[in-house]
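Please open the structure in your viewer and keep the sequence panel beside it. The tour below suggests what to select at each stop and then says what is there.

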Amino acid sequence: MDVVVQLQRQLTDHTASLFHEGFLNEQFNQLQQLQDESNPDFVVEVVSLFFEDSDRLLNELAKALEQQAVDYKKVDAHVHQLKGSSSSIGAQRVQAVCIPFRNFCEEQNIEGCLKCLQQVKHEYSLVKNKLETLFKLEQQLIAAGGSFPTL
Amino acid sequence: MSYLCRKTSLSLVFLQIAMDKGKQIIINNNGGHASRSCNNSTMTSDAFNNQSKLKILLCDSDPESCDEISTLLTKCRYQVISVNSFVEVVDTLDAEGPHIDILLVSVDPHIDKGMKMLKYISEEFQHIPVIIILSRQDHVSLMYKYLNLGVADYLMKPLCTDELSNLWKHKGRSRNIIGITLMHS
């Protein structure tokens, strides 16, 4: 019983900090609205897909910005996708970097783009880590016989 | 041409739409609302479940436009049968009438023949909501002609997935509601 209580507290604290520090916003809570009997793992699935797609997009971005003649349309298209997916799962700090990133694409400003790429990679790896911890805690809690409240 | 929808998970669709749109998907848990603005994408698991079961018969005499709309419909996870003429519409309805949920027709109000065909279709296949697609703003004022035939609603070109993703709501609605309201206003 104690283990369950402890895990529950850890989970609550961790989740709270994610919101408090701005890594996630209300949208992440909204994702849970789409989770039901017919889609029991919706949140985990969407976030996992987000990780897969973002890893790919960040790779593509790095490649595209390394070219001699940078195709800014292509870069912008990737950032467009990243902005959509990050904002739709509530990863607001990642989304926030995408905005100036797109502006730099329009201006065809290579330095600005490279800087944004660094920032977005940084924010992404932070939120990815935190979400992975979150899901691990949830799993541990369920394994210990507890359940987590939807916030 | 028949496009069967693939079985995909809600999470996959959700993320695909998010990346497509490049913006946040607003999640609305009370069934969403019919809207012509394309500023938000609303998504509910109800809508998703309903969408993938819907079979839409699309008629557009312009093959390019027909292809475009068909693609959008398929993106919305509908099953689409597309044809280019009213004759084919009737043929398809004769063959698959009970299975068609919605008829989506691109029209020009200045072509009378279209009106006659629509009237026939409306009368013969009363269970199928008919939604017309207008290509010009000035055709909207001629909507009353279509409403008198029992047409349920209209959409304006260029179409976007937002409006199309709400099509499933027309299923099961009774006819002539809009027509009656207009006539009495």
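The tour goes from whole chains to a pair of helices, then to salt bridges and a single side chain.

Before selecting anything, keep in mind that this is a predicted model.

**Stop 1: the two chains**

Select chain A and colour it by secondary structure, and you should find six helices and zero strands, which follow one another along the sequence in the pattern α-α-α-α-α-α. Chain A has 151 residues, of which 46% count as buried. If you consider the contacts in chain A with a sequence separation of 6 or more, residues 24 or more positions apart account for 68% of them.

Now select chain B, where the secondary structure comes to eight helices and eight strands. Buried residues make up 49% of the 185 residues in chain B, and of the contacts between residues at least 6 apart in its sequence, 71% join residues at least 24 apart.

**Stop 2: a pair of helices in chain A**

Return to chain A and select residues 42–66, which form helix H3, together with residues 72–89, which form helix H4. How do the axes of these two helices cross? They come within 10 Å of each other and cross at roughly 155 degrees; an angle over 145 degrees counts as roughly antiparallel, and H3(A) and H4(A) are therefore roughly antiparallel to each other. The crossing in which H3(A) passes H4(A) is left-handed.

Show the side chains here, and look for the residues through which the helices meet: on H3(A) they include Val46(A), Phe50(A), Leu57(A) and Leu61(A), and on H4(A) they include Val75(A), Val79(A), Leu82(A) and Ile89(A).

**Stop 3: salt bridges**

Over all chains, the structure holds ten salt bridges, and three of them are worth selecting in turn.

Begin with Asp76(A) and Arg102(A), whose side chains meet in a salt bridge with an N to O distance of 2.9 Å. Asp76(A) belongs to helix H4 of chain A and Arg102(A) to helix H5 (residues 92–107) of chain A, so this pair ties together parts that are 26 residues apart in sequence. Asp76(A) counts as partly exposed at 22% relative accessibility, and Arg102(A) also counts as partly exposed, at 25%.

Move next to chain B and select Lys55(B) and Glu96(B), which form a salt bridge whose closest N and O atoms are 2.8 Å apart. This pair links distant parts of the chain, with Lys55(B) in strand S4 (residues 55–59) and Glu96(B) in helix H4 (residues 86–96) of chain B, 41 residues apart. Lys55(B) counts as buried at 16% relative accessibility, whereas Glu96(B) is partly exposed at 24%.

Then select Lys119(B) and Glu123(B), a salt bridge in which the closest N and O atoms are 3.4 Å apart. The two residues are separated by about one helical turn, because they lie four residues apart in helix H5 (residues 112–124) of chain B.

**Stop 4: a charged side chain without a salt bridge**

Finally, go back to chain A and select Glu138(A), which lies in helix H6 (residues 110–143). Is Glu138(A) buried or exposed? Glu138(A) is buried, yet it has no salt bridge, and the nearest side chain of opposite charge, that of Lys136(A), is 13 Å away. To see what surrounds Glu138(A), leave aside its neighbours within four places in sequence and display Leu11(A) and Phe148(A), with which Glu138(A) is in contact.

Note on methods:
Residues numbered from 1 in each chain as written. Chains lettered and ligands numbered in written order. Predicted model: local features only at pLDDT ≥ 70, side-chain atom pairs only at ≥ 80, totals over all residues. Heavy atoms only, no water. Buried < 20%, exposed > 50% of the residue type's maximum accessible area, 1.4 Å probe, protein only. Lys, Arg positive; Asp, Glu negative; His and termini not counted. Salt bridge = Lys/Arg side-chain N within 4 Å of Asp/Glu carboxyl O. Contact = heavy atoms within 4.5 Å. Axes fitted to C-alpha atoms, helices over the stretch in contact; angles between N-to-C directions. Parallel < 35°, antiparallel > 145°, perpendicular 65-115°, else oblique. Left-handed = near helix turned anticlockwise from the far one by under 90°.
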